[in-house]
2 protein chains.
Amino acid sequence: MATEMPSAATKNPQGRRETTRAAIVAAAEELLRERGYDGMTMREVAQRAGVSLGNAYYYFSSKEDLVHGFYERLQRDHARAAEEACLGLTTLHERVRAVLHAWLDEAAPLHDFLGSYVSLAAAPHSPLSPFSPQSTPAREAALAMWTQVVDGASARTSTRLRAELPRLLWLSHLAIVMFWVSDTTPGQQRTRDLVDKSTPIIGRLVRLTSLPGMARAADDLATLVQSIAP
Amino acid sequence: MATEMPSAATKNPQGRRETTRAAIVAAAEELLRERGYDGMTMREVAQRAGVSLGNAYYYFSSKEDLVHGFYERLQRDHARAAEEACLGLTTLHERVRAVLHAWLDEAAPLHDFLGSYVSLAAAPHSPLSPFSPQSTPAREAALAMWTQVVDGASARTSTRLRAELPRLLWLSHLAIVMFWVSDTTPGQQRTRDLVDKSTPIIGRLVRLTSLPGMARAADDLATLVQSIAP
DNA sequence: GTCTATAGTGGGATAGAC
DNA sequence: GTCTATCCCACTATAGAC
C-alpha cells in the first residue's frame with residue numbers, strides 16, 4: 001500500500017523517476033561502448049538521454065557514480081555464471097580455474113572501461129575501491145561466491161587456512177584483474193594463460209599444507225590474510 | 001667545447017633553464033604538501049614559482065609529468081636507505097623486512113600524495129605505471145635493488161626460484177604499497193605490522209623450497225613469475 | 001631557446017530559479 | 001525534478017618580447 005500504483009510511467013511521479021534514471025543509464029552504456037570512459041562526457045550522456053546536464057547530476061552525484069552500476073552488474077552476472085561453471089567440478093584448482101575463466105568471459109566486452117575503472121577504484125578513499133565501506137555488500141557477495149567455490153571442493157587442508165581461502169582467492173582475483181586490464185593480447189590470452197598456470201600451483205600448495213611440516217606455515221598465512229581483512 | 005661556460009645562472013641561458021625548472025618543482029612540492037595533488041592547481045604552481053602558466057607547461061607537459069619526479073626521487077632515496085638498512089643482516093627475512101621498513105620511513109611524508117599517485121599510475125596505459133615502457137629504468141633499478149637484497153642473504157633455495165625472487169619481492173612491494181596508501185592508522189602502523197608478519201612467512205616458505213618434495217612447486221612458481229615479467 | 005600575456009576549449013561539477 | 005547559467009580547472013594556442 002505504500003506507493004500509488006505505477007502504471008503510466010511518464011504521467012506518474014513514481015514511475016517517472018525510474019524512467020529518467022533508466023534513460024540516463026542507457027545513454028551512458030551506449031556512450032561508454034562508443035567512446036570509452038574518458039571519451040564519454042556527462043553533457044553527451046545528458047543530451048542522448050534527453051535531459052539536462054543538471055538533471056543527470058540530480059540522479060548521479062558524479063561520473064564515477066554513474067558507471068559504478070555497470071561494475072556491480074558485472075559482479076552479479078559473474079556470480080551466476082560462476083555457479084554454473086563449477087557444476088560437476090570437484091577439485092579446488094578446477095573450480096577456481098572455471099570461475100576465473102567465467103569472469104574473463106563476462107568482463108571481456110568491458111575491457112577498456114574496466115581499465116579506467118580500476119584507476120578510479122585505486123584511489124585510497126574512493127567509494128569504488130573494493131576495500132571501501134560502500135563496497136561492503138559487493139565485497140561480501142564476492143566472498144560468499146568464493147566460499148561456495150571452496151566448499152564444493154574436496155581439498156583437505158588446515159581448517160584455519162580453509163576458512164581464509166575465500167578471502168585469499170578474492171585477493172588473487174583482484175590481482176588478476178589488475179594484470180588483465182593491462183593485457184593487450186588478443187582476447188586477453190596472456191591472462192588466460194596466467195590463470196591456467198597459476199591455479200594448479202594454488203591447488204598444489206593448498207594440498208601441501210596438509211603435510212605435517214607445513215601446518216605451522218599454513219596457520220601463519222591464515223592469520224596474515226585474516227589480519228588484512230577490511 | 002659544445003656549450004658556453006655556465007657561470008651566472010640568471011644571466012646565462014644554460015643556467016636559467018635549470019633555475020626556472022627548479023623553481024617550478026619547488027613550488028609544486030610546497031603546494032603538494034599544503035593542498036594535496038587534487039588541490040594543487042597548475043595556475044597556482046606557476047604563480048608561486050614566479051612564472052607564467054605557459055612557461056610551466058613549457059617545462060612539464062602535464063600535471064602528472066610535474067609530480068612524476070617526486071616519485072622517482074623517493075625511489076632513489078629508498079635505494080640508498082635500503083643499502084644502509086641491510087648492513088649486517090644476513091637472513092633473507094631480516095633483509096626484506098629492513099628494506100620495506102626503510103621504504104615506509106622514506107615514504108611517510110608523501111603518504112597523501114602517493115594515494116593520488118597510485119590512482120594515476122593504475123591506469124593501464126599510464127606512463128606512470130610501474131609496468132610501462134617509460135618506467136623501464138626505474139623498474140630495473142628497483143629490481144637491481146631487490147637482487148642485492150637476495151644476493152646478500154644466506155638462504156638456500158632452488159636456483160630457478162632464486163633467480164625470480166627479486167621480481168617476486170618487487171611485486172610484493174607493489175602490493176604492500178597498495179595496502180599502505182589506504183592505511184589510515186597513525187604512522188601507518190597497520191602496514192608495519194603486515195610487514196613484520198609477512199616477511200618471516202616469506203623467509204620460511206623460501207626455506208621450505210629446498211625440501212625435496214617442494215622443488216617442483218618452486219620451479220613452477222619461478223616459471224609463473226617469469227612469465228608475467230613486463 | 002626562454003618567457004609573457006591573454007584568450008579560448010572543453011569537461012566535471014554546482015547554484016539557484018522554476 | 002528539471003532547467004539554465006555559471007564556476008573552476010587542465011590544457012592549448014598564439015603572438016610576440018628578450
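Student: Which side-chain atoms of B:Thr20 approach a phosphate oxygen of DNA strand C, and at what distance?

Tutor: An N or O atom in the side chain of B:Thr20 is 2.3 Å from a phosphate oxygen of DNA strand C. The model is predicted, with local features requiring pLDDT of at least 70 and side-chain atom pairs counting only at pLDDT 80 or more, whereas totals for chains, interfaces and linings use all residues. Side-chain values use heavy atoms, without hydrogens and water, residues are numbered from 1 along each chain as its sequence is written, and chains are lettered from A and ligands numbered from 1 in the order in which they are written.

Student: Why is the B:Thr20 pair called a polar contact?

Tutor: A polar contact is a pair of N or O atoms within 3.5 Å (within protein, one must be able to donate a hydrogen and the other to accept it, and residues adjacent in sequence count only if both atoms are side-chain atoms). The B:Thr20 atom lies 2.3 Å from the phosphate oxygen, so the pair qualifies.

Student: What other atoms lie within that limit of the phosphate oxygens of DNA strand C?

Tutor: A backbone N or O atom of A:Met40 lies 3.4 Å from a phosphate oxygen of this strand. For A:Lys63, a polar side-chain atom lies 2.8 Å from a phosphate oxygen of DNA strand C.

Student: What makes a residue count as near DNA strand C, and how many residues surround the strand?

Tutor: A residue is near a strand if one of its heavy atoms lies within 4 Å of it. By that criterion 18 residues surround DNA strand C, the closest being B:Arg17, B:Thr20, B:Ser52, B:Tyr58 and B:Tyr59. Of the strand's atoms within 4 Å of the protein, 66% belong to sugar or phosphate and the rest to bases. Helices H2 (42-49) and H3 (53-59) of chain A, with H1 (13-39) and H3 (53-59) of chain B, each supply at least two residues of this surface. Helices here are DSSP runs of H or I with at least four residues, and strands are runs of E with at least two, numbered from the N terminus.

Student: Which residues come nearest to DNA strand D?

Tutor: Of the 18 residues around DNA strand D, the nearest are A:Ser52, A:Asn55, A:Tyr58, A:Tyr59 and B:Lys63. Sugar and phosphate account for 69% of the atoms of this strand that come within 4 Å of the protein. H3(A) gives the most to the surface near DNA strand D, with 4 residues. Backbone N or O atoms of B:Met40 and B:Met42 lie 3.2 Å and 3.1 Å, respectively, from a phosphate oxygen of DNA strand D. A polar side-chain atom of A:Arg16 lies 3.3 Å from a phosphate oxygen of the strand.

Student: How many nonpolar, polar and charged residues make up the surface near DNA strand D?

Tutor: There are 7 nonpolar, 6 polar and 5 charged residues. Ala, Val, Leu, Ile, Met, Phe, Trp, Tyr, Cys and Pro count as nonpolar, Asp, Glu, Lys and Arg as charged, and the others, Gly among them, as polar.

Student: How many residues of chain A and chain B are in contact with each other?

Tutor: Contact means heavy atoms within 4.5 Å, and 28 residues of chain A are in contact with 28 residues of chain B. The two chains bury about 2,400 Å² between them, 70% of it on carbon and sulfur atoms. Buried area is the accessible area (1.4 Å probe) that two parts lose on being put together, summed over both.

Student: What makes B:Arg204 and A:Asp220 a salt bridge?

Tutor: A salt bridge is a side-chain nitrogen of Lys or Arg within 4 Å of a carboxyl oxygen of Asp or Glu. The N to O distance of B:Arg204 and A:Asp220 is 2.9 Å, so the pair meets the criterion. The count between chain A and chain B is 2 salt bridges. The elements giving two or more residues to chain A's side of this interface are H6 (111-121), H8 (159-181), H9 (189-208) and H10 (215-227) of chain A. H9(A) gives the most, with 7 residues.

Student: Which salt bridge does A:Glu30 form, and what does the pair tie together?

Tutor: A:Glu30 pairs with A:Arg48, the closest N and O atoms being 2.7 Å apart. A:Glu30 lies in helix H1 of chain A and A:Arg48 in helix H2 of chain A, so the pair ties together parts that are 18 residues apart in sequence.
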